[in-house]
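Trainee: I should like to go through this model with you and ask what stands behind each term that is used for it.

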Amino acid sequence: MSSNAHVPVLLGPVLEGLNIRANGCYVDGTFGRGGHSSAILERLTADGRLIAIDRDPQAIASAPEALLSDSRFELIRGESAQLEKFIDERGLRGSVDGVLLDLGVSSPQLDEASRGFSFLRDGPLDMRMDPDAGISAADWLARVDEKELKRVLKTYGEERSAARIARAIVAARDEAPIETTVQLADIIAAAAPAHGQKRHPATKSFQAIRIFINGELDQLKSALEQSVNVLRKPTALRSGGRLCVISFHSLEDRLVKRFMREASREPEQYRGMPSIPAEYRPRLKPIGKLIEATAAEIAANRRARSARLRVAERL
Ligand SMILES: C[S@@+](CC[C@H](N)C(=O)[O-])C[C@H]1O[C@@H](n2cnc3c(N)ncnc32)[C@H](O)[C@@H]1O
């Protein structure tokens, strides 16, 4: 397999979690290299439909011809935080049988040095999933003040040495602009050496900067909310639509877990009341427990080691 391939994680559990109906309508909010999309499409008949979204123009450009020429499939370049708009434009609100969000970066994004995501491959410090939107990590690091930088490293990287790393970055950029991934990784490693840890000392800082630059947690919050709004409500003949979310770090997973929990119960003031106004009734029910990859999947695909899948159904 080429290093540019992206092996879909937790594929079996995702297909099961989506509870695929052969004539259903599905949304893949994070198309990537289309691993999950292809597998979903394989399970749909001619009446089925799959709408996929990705904000990364390279992901869009790399979509296989077999998918693009399939009339059941549509690929949209955009943010999953615009999901509701895309679905409304197609008149599909309330007809969506399943939404998948497979968060974070794809293997090709990490592998491609020019995207600037990886401290292991030297490249321009960019980190934008959509290089046409927002500012690059290099431009942000050139301007951000030390306090804000420390906050970002702490909040989005849960980096204990945030203060030391922020100080070192600000001191280094006064000497010379920080323009490449390895330059930044070296500054971080010198400020906060690994001390016997398995992970590279820059892992958490890179994660933090990437999450911040791409507004990933805000994107996720909107995508979750909007997914629930477009999913099919249950009828006597058909169960409600499913939401499947795969996260790769604790910040994302905590957000997903909390969202699903809150949406699965009435607000505190209505708990235990005999009648609850419709708008305050639970909108989701959790399906099963947290799902993680098996040892065999992790052995075959390292990216699966931190994957966590949560599934919920529209009420
Ligand atoms: C982990 S990969 C998905 C891999 C995909 N499931 C597969 O099997 O090939 C995540 C993808 O989602 C995209 N992405 C992440 N956040 C996004 C967002 N908020 N809106 C749209 N696309 C997003 C990234 O650009 C990346 O291509």
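Mentor: Please keep in mind that the model is predicted. Let us begin with the rings: the count comes to five aromatic pairs.

Trainee: Why are Phe119 and Phe206 called an edge-to-face aromatic pair?

Mentor: Their ring centres are 5.2 Å apart, and rings pair if their centres lie within 6.5 Å. The angle between the planes is 80°; planes over 60 degrees apart count as edge-to-face, so both parts of the name apply.

Trainee: What makes this a link between distant parts of the chain?

Mentor: Phe119 lies in the loop between helix H6 (107–111) and helix H7 (137–143), whereas Phe206 belongs to helix H11 (residues 203–213). The two residues are 87 residues apart.

Trainee: Turning to the ligand, why does the approach of Gln109 count as a polar contact?

Mentor: An N or O atom in the side chain of Gln109 is 2.9 Å from an oxygen atom of the ligand. The cut-off is 3.5 Å, so the pair qualifies. For Gly35 a backbone N or O atom lies 3.1 Å from a ligand oxygen, and for Phe31 the corresponding backbone distance is 3.4 Å; both values are within 3.5 Å and therefore qualify as well.

Trainee: How much of the ligand does the protein cover?

Mentor: On its own the ligand has 610 Å² of accessible area, of which the protein covers 98%. The space that the ligand takes is the largest cavity.

Trainee: What makes up the shell around the ligand?

Mentor: The shell divides into five nonpolar, 13 polar and seven charged residues. Of the 25 residues around the ligand, those that come nearest are His36, Asp54, Ser80, Asp102 and Gln219.

Key
Residues are numbered from 1 along each chain as its sequence is written. This is a predicted model: local features need pLDDT of at least 70, side-chain atom pairs count only at pLDDT 80 or more; totals for chains, interfaces and linings use all residues. Side-chain values use heavy atoms; hydrogens and water are left out. A residue is near a molecule or strand if one of its heavy atoms lies within 4 Å of it. A polar contact is a pair of N or O atoms within 3.5 Å; within protein, one must be able to donate a hydrogen and the other to accept it, and residues adjacent in sequence count only if both atoms are side-chain atoms. Accessible areas come from the Shrake-Rupley method with a 1.4 Å probe; for residues, only the protein chains shown count as cover. On a 1 Å grid over the protein atoms alone, a cavity is a set of points where a 1.4 Å probe fits but cannot get out, and a pocket is an open set with protein on both sides within 12 Å along at least five of seven lines; lining residues have an atom within 4 Å of a point. A molecule sits in a cavity or pocket if more than half of its atoms lie within 2 Å of its grid points. Ala, Val, Leu, Ile, Met, Phe, Trp, Tyr, Cys and Pro count as nonpolar, Asp, Glu, Lys and Arg as charged, and the others, Gly among them, as polar. Rings of Phe, Tyr and Trp (its six-membered ring) pair if their centres lie within 6.5 Å; planes under 30 degrees apart count as stacked, over 60 as edge-to-face and the rest as tilted. Helices (H or I, at least four residues) and strands (E, at least two) are DSSP runs, numbered from the N terminus.
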